[in-house]
Amino acid sequence: MNDETLVIAESAADLERQATAAPAALATLEARDVSCWFGDRKVLDRVSLTMPAGKITALIGPSGCGKSTFLRTLNRMHELVPIASLAGEVLLDGQDIYDASVRITQARRDIGMVFQKPNPFPAMSIEDNVLAGLKLTGKKATKDEKEELVEHCLKLGGLWNEVKDRLDAPGGGLSGGQQQRLCIARSMAIKPRVLLMDEPCSALDPTSTRVIEETMKTLAEEVTIVIVTHNMQQAARVSDQTAFFLASHNTPGVIVEYGDTQAMFENPQDPRTADYVHGRFG
Ligand SMILES: Nc1ncnc2c1ncn2[C@@H]1O[C@H](COP(=O)(O)OP(=O)(O)OP(=O)(O)O)[C@@H](O)[C@H]1O
């Protein structure tokens with residue numbers, strides 16, 4: 001199982017609570033002066049950004065400016081790269097997820113992630129894919145609780161109507177777009193407080209992309225969302241606020257401008273933002 005598979009819960013007791021509890025309260029995520037290195041090479045310089053509770057924040061910018069690296073600092077995945085290091089703080093409702101008192105598994109469970117390429121367990125049934133995070137830890141939930149959780153999460157993922165009559169079919173038999181929605185449902189089964197999405201539609205056709213975008217609006221009622229996207233129209237369609245990253249001439253990436261998405265697309269304050277959102281570079 002690779003690091004992109006699932007956030008693992010720590011104990012059966014934790015999972016018992018998660019499977020039966022109401023959705024966690026919406027949380028605000030705040031990065032403060034986050035800098036990142038790979039070896040000696042600094043790739044992000046003192047990035048600060050507030051990602052408000054229940055809102056969708058889009059991270060945009062040209063290739064290599066550090067969007068994915070920044071995203072991976074938000075749930076402590078950056079540190080999985082052996083040569084990676086980091087400075088700064090990431091606060092989840094005021095608590096620094098890098099504080100020594102916060103367990104890494106807790107941080108990754110609170111802050112889930114959906115990747116560019118859908119990664120369901122192909123031979124596992126649709127239902128078991130959704131429950132995978134619970135199963136990995138030996139969680140005991142009643143049949144009814146499991147069924148309720150599966151239905152709720154597949155509805156959140158916008159997949160329920162398409163699969164409700166074949167929940168025991170293998171996840172690998174779904175289309176790419178359906179697989180990505182299954183991965184979203186699987187992430188939501190752990191009841192994260194924030195969901196990070198790294199170009200979740202880049203491997204999908206336009207129809208599947210639109211379905212996922214609709215799904216995101218429903219998801220934002222239960223979880224704070226941060227999405228990396230190269231698609232300006234997508235950022236404009238789905239996000240409440242946008243941050244524009246740039247790394248010019250081998251300097252580390254910074255946020256050039258951020259704010260309300262509509263304002264940023266219609267009336268960017270920085271000429272570099274204007275050039276980027278109007279497709280003049282990147
Ligand atoms: N594992 C790694 N080891 C070394 N350098 C890395 C690693 N991952 C990323 N980088 C470097 O960090 C910088 C930022 O990369 P990152 O993937 O965060 O950019 P990005 O804006 O997400 O790019 P893209 O839009 O192409 O995905 C790049 O210069 C990249 O080469």
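The paragraphs below lead through a predicted model of a single chain, from its overall make-up to its two sheets, its ligand shell and a few individual residues.

The chain contains eleven helices and ten strands, and buried residues account for 44% of its 282 residues. When contacts between residues at least 6 apart in sequence are considered, 72% of them join residues at least 24 apart.

One part of the strand content is an open sheet of six strands, which follow the order 6-7-8-3-9-10 with mixed pairing. Its edges are formed by strand 6 (111-114) and strand 10 (254-260), each of which pairs on one side only. From one strand to the next, the twist averages 20 degrees.

Within this sheet, strand 8 (residues 224-228) is a useful place to look more closely. Strand 8 is mostly covered, five of its five residues being buried. The cover extends to both faces, since Thr-224, Val-226 and Val-228 are buried on one side, and Ile-225 and Ile-227 are buried on the other. Strand 3 (residues 56-60) runs parallel to strand 8 and is joined to it by four bridges, and in this pair Ala-58 stands opposite Ile-227 of strand 8. Strand 7 (residues 194-198) also runs parallel to strand 8, here with five bridges between the two. Val-194 has Thr-224 in strand 8 as its bridge partner, while Asp-198 stands opposite Val-228 in strand 8. Between strand 7 and strand 8 the chain crosses through helix 8 (residues 206-219), and this β-α-β crossover is right-handed.

At an edge of the six-stranded sheet, strand 6 offers a residue to examine, Ile-111. Ile-111 counts as buried because 25 other C-beta atoms lie within 10 Å, where the cut-off for a buried residue is 20 or more. Leaving out residues up to four places away in sequence, Ile-111 touches Leu-74, Asn-75, Leu-92, Pro-192, Arg-193, Val-194 and Leu-196. One of these, Val-194, is the residue whose bridge partner in strand 8 is Thr-224. Ile-97 is 14 residues from Ile-111 along the chain, and the C-alpha atoms of the two are separated by 9.8 Å.

The other sheet to consider is an open one of four strands in the order 2-1-4-5, and its pairing is antiparallel. The edge strands here are strand 2 (41-51) and strand 5 (95-96), each pairing on one side only. Strand 5 pairs with strand 4 (residues 84-92) in the antiparallel sense over two bridges, and Leu-91 has Asp-96 in strand 5 as its bridge partner.

The ligand has around it the residues Phe-38, Val-43, Gly-61, Ser-63, Gly-64, Cys-65, Gly-66, Lys-67, Ser-68, Thr-69 and Val-81. By character, the residues of this shell divide into four nonpolar, six polar and one charged. Helix 2 (residues 67-73) gives the most to the shell, with three residues.

Two residues deserve a look for their backbone angles. Arg-46, which lies in strand 2, has a phi near 45 degrees, a positive value in a residue other than glycine. Lys-191, in the loop between helix 7 (176-189) and strand 7, likewise is not glycine and has a positive phi, near 55 degrees. As for their surroundings, Arg-46 counts as partly exposed because it has 14 C-beta neighbours inside 10 Å, whereas Lys-191 has 23 such neighbours inside 10 Å and therefore counts as buried.

Towards the end of the tour comes Pro-268, which is found in the loop between helix 10 (261-266) and helix 11 (271-277). Is Pro-268 buried or exposed? Pro-268 is buried, because 20 other C-beta atoms lie within 10 Å, and 20 or more is what the term requires. If neighbours within four places in sequence are left aside, Pro-268 is in contact with Glu-257, Thr-273, Ala-274 and Val-277. Glu-257 is eleven residues from Pro-268 along the chain, and their C-alpha atoms are separated by 8.2 Å.

How values were computed. Residues numbered from 1 in each chain as written. Predicted model: local features only at pLDDT ≥ 70, side-chain atom pairs only at ≥ 80, totals over all residues. Buried ≥ 20, exposed ≤ 12 C-beta atoms within 10 Å, placed from the backbone. Pairing = 2+ DSSP bridges. Right-handed = clockwise from strand over helix to strand, strands pointing away. Near = placed C-beta within 6 Å. Nonpolar A, V, L, I, M, F, W, Y, C, P; charged D, E, K, R; others polar. Axes fitted to C-alpha atoms, helices over the stretch in contact; angles between N-to-C directions. Contact = placed C-beta atoms within 7 Å.
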